[in-house]
Amino acid sequence: QVQLVQSGGGLVQPGGSLRLSCAASGSGVHISNVSWYRQAPGKQRELVATITDSGDTNYADDVKGRFTISRDNAKNTVYLQMSSLKPEDTAVYLCNAHIRQFLRPSNYYWGQGTQVTVSS
């Protein structure tokens with residue numbers, strides 16, 4: 001069974017940093033294209049960053065220069081390094097990953113979500 005597990009997040013002061021992880025597990029899995037989303041109370045879900053299987057990246061305008069998405073294929077893990085955090089970054093962050101598995105159809109999976117709170 002394929003699992004997509006997030007870790008990281010928490011409470012941080014403005015200007016601080018956090019690193020989120022999104023790891024795929026299962027027999028013969030390969031985590032492919034991955035996107036990070038966030039959803040704040042009363043707001044729609046927002047696409048934050050995307051990384052392709054080849055390592056190409058894209059970012060939302062309001063996080064460019066502050067957030068970095070990266071991957072470690074040996075660990076089937078994608079990271080979101082968040083720096084210079086602002087209160088408006090407060091949200092539940094979710095990863096969505098396209099996962100390939102040997103002799104099985106590929107599919108998109110959601111992580112369980114993790115809370116990031118930026119406050120003094």
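This is a short tour of the structure, stop by stop, with a selection to make at each one. The model is predicted, so keep the confidence colouring to hand if your viewer offers it.

**Stop 1: the whole chain**

Start with the protein chain as a cartoon. You will find 11 strands and zero helices, so no colour for helices is needed. Reading from the N terminus, the elements go β-β-β-β-β-β-β-β-β-β-β. The radius of gyration is 14 Å, close to the 14 Å that the globule rule gives for 120 residues, so the chain is as compact as a globular protein of that length. Switch to the C-alpha trace and align the view to its principal axes: the spans are about 50 × 25 × 25 Å.

Two totals are worth keeping in mind while you rotate. Of the 120 residues, 42% are buried. Among contacts with a separation of 6 or more, 54% join residues 24 or more positions apart.

**Stop 2: an open sheet**

Next, select β1, β3, β8 and β7. These four strands form an open sheet in that order, with antiparallel pairing. At the edges are β1 (3-7) and β7, each of which pairs on one side only. Look along the sheet to see the twist, which averages 15° from one strand to the next.

Now zoom in on β1 and β3. Five bridges join this antiparallel pair. Show Gln 6 as sticks, and opposite it in β3 you will see Cys 22.

**Stop 3: the nonpolar core**

Which residues touch the most other members of the largest nonpolar core? Select Trp 36, Leu 80, Met 82 and Tyr 93. The core has 30 residues in total. Elements giving two or more residues to the core include β3 (18-25), β4 (29-39), β5 (46-51) and β11 (114-118). The largest share, five residues, comes from β9. As background, nonpolar side chains tend to be buried together in soluble globular proteins.

Centre the view on Leu 80 and show its surroundings. Leaving out residues up to four places away in sequence, Leu 80 touches Leu 18, Arg 19 and Leu 20, along with Trp 36, Val 48, Ala 49, Phe 67, Thr 68, Ile 69 and Tyr 93.

**Stop 4: a charged residue inside**

Is Arg 38 buried or exposed? Select Arg 38 in strand β4. Arg 38 counts as buried because its relative accessibility is 5%, and the cut-off for buried is under 20%.

Draw two distances from the side chain of Arg 38. One polar contact, of 3.2 Å, reaches the side chain of Asp 62. The other, of 2.9 Å, reaches the side chain of Asp 89. Widen the selection to the contacts of Arg 38, again without residues up to four places away in sequence, and you will pick up others, including Gln 44, Glu 46, Val 63, Glu 88 and Tyr 93.

**Stop 5: two loops with positive phi**

Finish with a look at the backbone. Most residues other than glycine have a negative phi. Where is Asn 76? Find it in the loop between β7 and β8. Phi of Asn 76 is near 50°, a positive value. Asn 76 is buried, with a relative accessible area of 13%.

Then move to the loop between β8 and β9 and select Ser 84. Phi of Ser 84 is likewise positive, near 50°. Ser 84 counts as partly exposed, at 40% relative accessibility.

Terms used. Residues numbered from 1 in each chain as written. Predicted model: local features only at pLDDT ≥ 70, side-chain atom pairs only at ≥ 80, totals over all residues. Heavy atoms only, no water. Core = buried A, V, L, I, M, F, W, Y, C linked by side-chain atoms within 4.5 Å. Buried < 20%, exposed > 50% of the residue type's maximum accessible area, 1.4 Å probe, protein only. Contact = heavy atoms within 4.5 Å. Pairing = 2+ DSSP bridges. Axes fitted to C-alpha atoms, helices over the stretch in contact; angles between N-to-C directions. Polar contact = N/O pair within 3.5 Å; in protein donor to acceptor, adjacent residues only side chain to side chain. Rg over C-alpha atoms; globule rule 2.2 N^0.38 Å.
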